[in-house]
Amino acid sequence: MRRHRRAKIVATVGPSSASPEMLKRLFLAGVDTFRLNFSHGTHDDHARVHRAIRELEAEVGRPIGILQDLQGPKIRVGTIRDGKITVTAGETVRFVPAGTEGDRDAIPLPHPEIFAAIAPGHHLLIDDGRVRLAVTGLGDDVIEAKVVTGGVISNRKGVNLPGTVLDLSPLTAKDRVDLAFGLDLGVDWVAMSFVQKPGDLLEARGLIGERAGLMAKIEKPAALERIEDIIRLSDAIMVARGDLGVEIPHEEVPGRQKELVRACRLAVKPVIVATQMLDSMVAAPTPTRAEASDVATAIYDGADAVMLSAESASGSYPLEAVEMMDRIIHSTEQHKLYRSIIEASDPGEEQTAPHAVAAAAADLAEVIHATAIVAFTSSGTTAARIARKRPAVSVLAITPDQAVSRRLCLLWGAHSVLSEDIHTYEESVERACAFAQREEFARPGDTMVVVAGIPFAQAGTTNNLRVVQISRS
């Protein structure tokens with residue numbers, strides 16, 4: 001079950017992929033982590049999928065990651081008379097906090113936090129930016145706005161506010177119920193939507209504790225302004241280009257993506273690039289050339305994982321989408337320019353002993369033409385430090401913690417296996433050689449670099465590396 005690529009694939013589960021049979025086919029085609037989108041489906045639906053994935057995991061004998069994606073607050077217009085109104089560029093409309101028969105002079109916007117935070121010059125984007133308005137004035141419970149780009153405003157359409165920081169918790173009442181349910185199920189990652197500032201993560205961290213990894217979805221311009229602190233407080237980052245691409249100019253999205261991938265690599269945190277990667281495959285068996293290039297760009301950037309959304313959740317070709325993404329990643333990583341591009345984007349090492357040991361292991365493995373780097377890791381940190389270098393050599397991560405082995409399914413280049421604790425040098429060598437051969441990373445006579453922390457089974461103590469040759473006898 002070894003993957004012959006480094007970047008990982010995340011696939012969203014939905015009506016097209018929820019059956020145990022399809023989940024197995026998708027895993028065999030290349031999925032490393034499955035995403036449960038709690039914006040859709042019932043708890044019973046998600047419980048069935050979770051159970052099927054864990055049964056599949058036991059059947060194939062490989063860890064499989066499960067990501068719970070919380071819905072977060074949804075800002076929408078209210079009910080409009082006749083269901084919709086058409087606005088034209090240059091006209092002025094008004095938004096009010098309440099009402100059920102809205103028209104252009106009183107469009108319901110039932111979110112008091114918007115009226116408390118918005119200011120003249122701020123923008124409102126409705127229906128993914130199809131209708132754009134600029135705030136020109138404020139009154140008592142009234143927002144006046146000039147239409148910049150006209151179009152149709154209909155009932156319950158979403159609203160984005162790129163320049164407005166709202167005093168709004170990213171955890172709604174629904175999210176808290178969903179989070180408790182997901183943690184009881186045993187999800188490996190929890191993704192938070194609508195993160196605007198570092199403090200938004202503290203409440204979730206208090207609720208989650210160590211039961212799952214905390215992932216911040218970057219989809220608000222305000223988050224970009226405090227990104228280093230947000231990354232520091234998170235266990236992983238998702239570049240959620242859907243809402244982010246609505247709220248910042250389209251031409252800025254590629255550069256922001258590169259910045260985020262680099263920042264996460266520097267911080268030793270996994271990063272997923274998501275949204276519309278193979279979007280045309282929702283309805284077609286092949287992607288556009290531009291979409292294939294988009295996936296490849298994320299791989300050249302050094303992303304840990306790329307994600308399928310509607311393509312695998314509700315599309316007509318979920319299996320083909322996973323197979324296509326797998327082929328694009330593999331082809332990109334084999335391209336003659338890949339290594340030079342990845343090495344050119346190396347963010348450098350932190351000047352600490354654990355980072356230096358991990359970097360040395362990656363460099364040494366390449367110099368001596370080792371077939372693998374074997375990392376003994378109790379928390380996943382040792383493997384992450386090695387992966388930060390994006391080595392040309394495969395990384396076999398051995399951990400005694402099942403939860404860690406599943407979270408490593410998001411980490412670039414890491415092939416995780418579950419093993420009992422080790423206690424001595426001799427035991428580490430024997431275990432490394434045995435697992436490397438069992439997992440088809442090495443054969444008798446091959447040379448490997450083994451990295452561990454002394455004392456063993458203590459998190460954060462990456463301080464030892466050695467060169468090992470597998471005995472031919």
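**Exercise 1. Cysteine pairing**

Task: In this predicted model, find why the sulfur of Cys409 forms no bond with the closest cysteine sulfur.

Solution:
1. The cysteine sulfur closest to that of Cys409 belongs to Cys264, at 19 Å.
2. A disulfide requires two cysteine sulfur atoms within 2.5 Å.
3. Because 19 Å is too far for a bond, Cys409 and Cys264 are not paired.
4. Searching the whole structure gives zero disulfides. Cys264 accordingly is in no disulfide.
5. As for burial, the cut-off is under 20% relative accessible area. Cys264 has 0% and is buried; Cys409, with 6%, also counts as buried.

**Exercise 2. The nonpolar cores**

Task: State which residues touch the most other members of the largest nonpolar core, and which helix gives the most to this core.

Solution:
1. The largest nonpolar core has 79 residues.
2. Phe34, Ile218 and Met325 touch the most other members.
3. The helix that gives the most to this core is H12 (residues 318-334), which supplies seven residues.
4. For Met325, set aside the neighbours within four places in sequence; the contacts are then Ile9, Met277, Leu278, Val295, Val306, Met307 and Leu308.
5. Another core, of 26 residues, lies apart from the largest one, and its members include Ile75, Ile80, Phe95 and Ile118.
6. As background, nonpolar side chains in soluble globular proteins tend to be buried together.

**Exercise 3. A nonpolar surface patch**

Task: Identify the residues that form a nonpolar patch on the surface, and decide whether Val367 is buried or exposed.

Solution:
1. The patch consists of Val367, Ile368 and Val467.
2. Together these residues have about 250 Å² of accessible area.
3. Val367 belongs to helix H14 (residues 353-367).
4. To be exposed, a residue needs over 50% relative accessible area. Val367 has 63% relative accessibility, so it counts as exposed.

**Exercise 4. Positive phi outside glycine**

Task: Give the phi values of Asp141 and Gln276, and locate each residue.

Solution:
1. Most residues other than glycine have a negative phi.
2. Asp141 is not a glycine, yet its phi is positive, about 55°.
3. Asp141 sits in the loop between strand S8 (131-139) and strand S9 (142-149).
4. Gln276 is likewise a residue other than glycine with a positive phi, near 60°.
5. The loop holding Gln276 runs between strand S15 (271-274) and helix H10 (289-301).
6. Apply the exposure cut-off of over 50%: Asp141, with a relative accessible area of 52%, is exposed, and Gln276, at 51%, counts as exposed.

Methods. Residues numbered from 1 in each chain as written. Predicted model: local features only at pLDDT ≥ 70, side-chain atom pairs only at ≥ 80, totals over all residues. Heavy atoms only, no water. Core = buried A, V, L, I, M, F, W, Y, C linked by side-chain atoms within 4.5 Å. Buried < 20%, exposed > 50% of the residue type's maximum accessible area, 1.4 Å probe, protein only. Helix = DSSP H or I, 4+ residues; strand = E, 2+ residues; numbered from the N terminus. Contact = heavy atoms within 4.5 Å. Patch = residues over 30% accessible without salt bridge, like charges linked within 9 Å, V, L, I, M, F, W, Y side chains within 5 Å. Areas by Shrake-Rupley, 256 points an atom, 1.4 Å probe, with all protein chains shown as cover. Salt bridge = Lys/Arg side-chain N within 4 Å of Asp/Glu carboxyl O.
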